[in-house]
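I opened my notebook to look through this structure step by step. Here are my entries, in the order I made them.

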Amino acid sequence: MFTTLSVPVMTRLRQPERRVLDTLVEAGVARSRSDALAWCVRLVGKHTDDWLADLRDALRHVERARAAGPQV
């Protein structure tokens, strides 16, 4: 099931990563660290669509190979 609801997610970020989020907030790219993190995730997803599609395809092949293998 897909949803458009926003839900809280806990992350553990080190200082350099928090600085990146704070820079995005200070520059007006995002309203909060949460918005900045969502922006980063969307940006990575946008630029890695092909790579992620290939990875998901490879995982489907792995799942099929596991299913066809001996049952333990």
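**Entry 1: a term to start with.** Buried means under 20% relative accessible area, exposed means over 50%, and partly exposed is in between. I tried the rule on arginine 33, which has 41% relative accessibility and therefore counts as partly exposed.

**Entry 2: what kind of model this is.** I noted that the model is predicted. The mean pLDDT of the protein is 87, and 89% of its residues reach 70 or more. Among the elements, I found the highest mean pLDDT in α1, at 93, and the lowest in α2, at 89. A reminder to myself: where pLDDT is low, the predicted coordinates should not be read in detail.

**Entry 3: the overall plan.** How many helices and strands are there in the protein? I counted 3 helices and 0 strands. Along the sequence, the pattern reads α-α-α. I then looked at burial and saw that 7% of the 72 residues count as buried. The protein exposes about 6,900 Å², and 59% of that comes from carbon and sulfur atoms.

**Entry 4: checking a helix with a ruler.** Helix α1 takes in residues 15-26, which makes 12 residues. The expected span is 1.5 Å times one less than the number of residues, so helix α1 should span 16 Å. I looked up its end C-alpha atoms, and they are 16 Å apart, which agrees. After α1 comes glycine 28, and its phi is positive, near 85 degrees.

**Entry 5: before the first helix.** I went back to proline 8, which lies in the segment before α1. Is proline 8 buried or exposed? Its relative accessible area is 83%, so proline 8 is exposed. I also looked up its separation from serine 34, which is 26 residues away along the chain: their C-alpha atoms are separated by 8.8 Å.

**Entry 6: salt bridges.** Side chains of opposite charge can pair when their charged atoms come close. The count here comes to 3 salt bridges, and I took them in turn.

- Arginine 33 pairs with aspartate 22, with their closest N and O atoms 2.7 Å apart. This pair links distant parts of the chain, since arginine 33 is in helix α2 and aspartate 22 is in helix α1, 11 residues apart. Aspartate 22 has 22% relative accessibility, so I wrote it down as partly exposed.
- Arginine 31 and aspartate 35 meet in a salt bridge at 3.2 Å, N to O. How do the two partners sit? Arginine 31 is at 75% relative accessibility and so counts as exposed, while aspartate 35, at 25%, counts as partly exposed.
- Aspartate 57 and arginine 60 meet in a salt bridge at 3.7 Å, N to O. Why are they separated by about one helical turn? Because aspartate 57 and arginine 60 are 3 residues apart in helix α3, which covers residues 49-68. Aspartate 57 is at 34% relative accessibility and therefore partly exposed; arginine 60, at 43%, also counts as partly exposed.

**Entry 7: a nonpolar patch.** Which residues make the nonpolar surface patch of about 230 Å²? I found Val29, Trp39 and Leu43. I followed up on valine 29, which lies in the loop between α1 and α2, the latter being residues 33-47. Valine 29 has 42% relative accessibility, so it counts as partly exposed.

**Entry 8: around a cysteine.** Where is cysteine 40 found? I located cysteine 40 in helix α2. Leaving aside neighbours within four places in sequence, cysteine 40 is in contact with Leu21 and Leu24. For leucine 21, I also looked up the backbone: its C-alpha atom and that of cysteine 40 are separated by 8.6 Å, with their positions 19 residues apart along the chain.

**Entry 9: looking back.** My picture is of a predicted model with the pattern α-α-α. Helices α1 and α2 are linked by the salt bridge of arginine 33 and aspartate 22, and cysteine 40 of helix α2 is in contact with Leu21 and Leu24.

Definitions and conventions:
Residues are numbered from 1 along each chain as its sequence is written. This is a predicted model: local features need pLDDT of at least 70, side-chain atom pairs count only at pLDDT 80 or more; totals for chains, interfaces and linings use all residues. Side-chain values use heavy atoms; hydrogens and water are left out. Helices (H or I, at least four residues) and strands (E, at least two) are DSSP runs, numbered from the N terminus. Buried means under 20% relative accessible area, exposed over 50%, partly exposed in between (1.4 Å probe, protein chains only). Accessible areas come from the Shrake-Rupley method with a 1.4 Å probe; for residues, only the protein chains shown count as cover. Patches are made of residues with over 30% relative accessible area and no salt bridge: like charges are joined within 9 Å, nonpolar side chains (Val, Leu, Ile, Met, Phe, Trp, Tyr) within 5 Å. A salt bridge is a side-chain nitrogen of Lys or Arg within 4 Å of a carboxyl oxygen of Asp or Glu. pLDDT is the predictor's confidence in each residue, from 0 to 100. Contact means heavy atoms within 4.5 Å.
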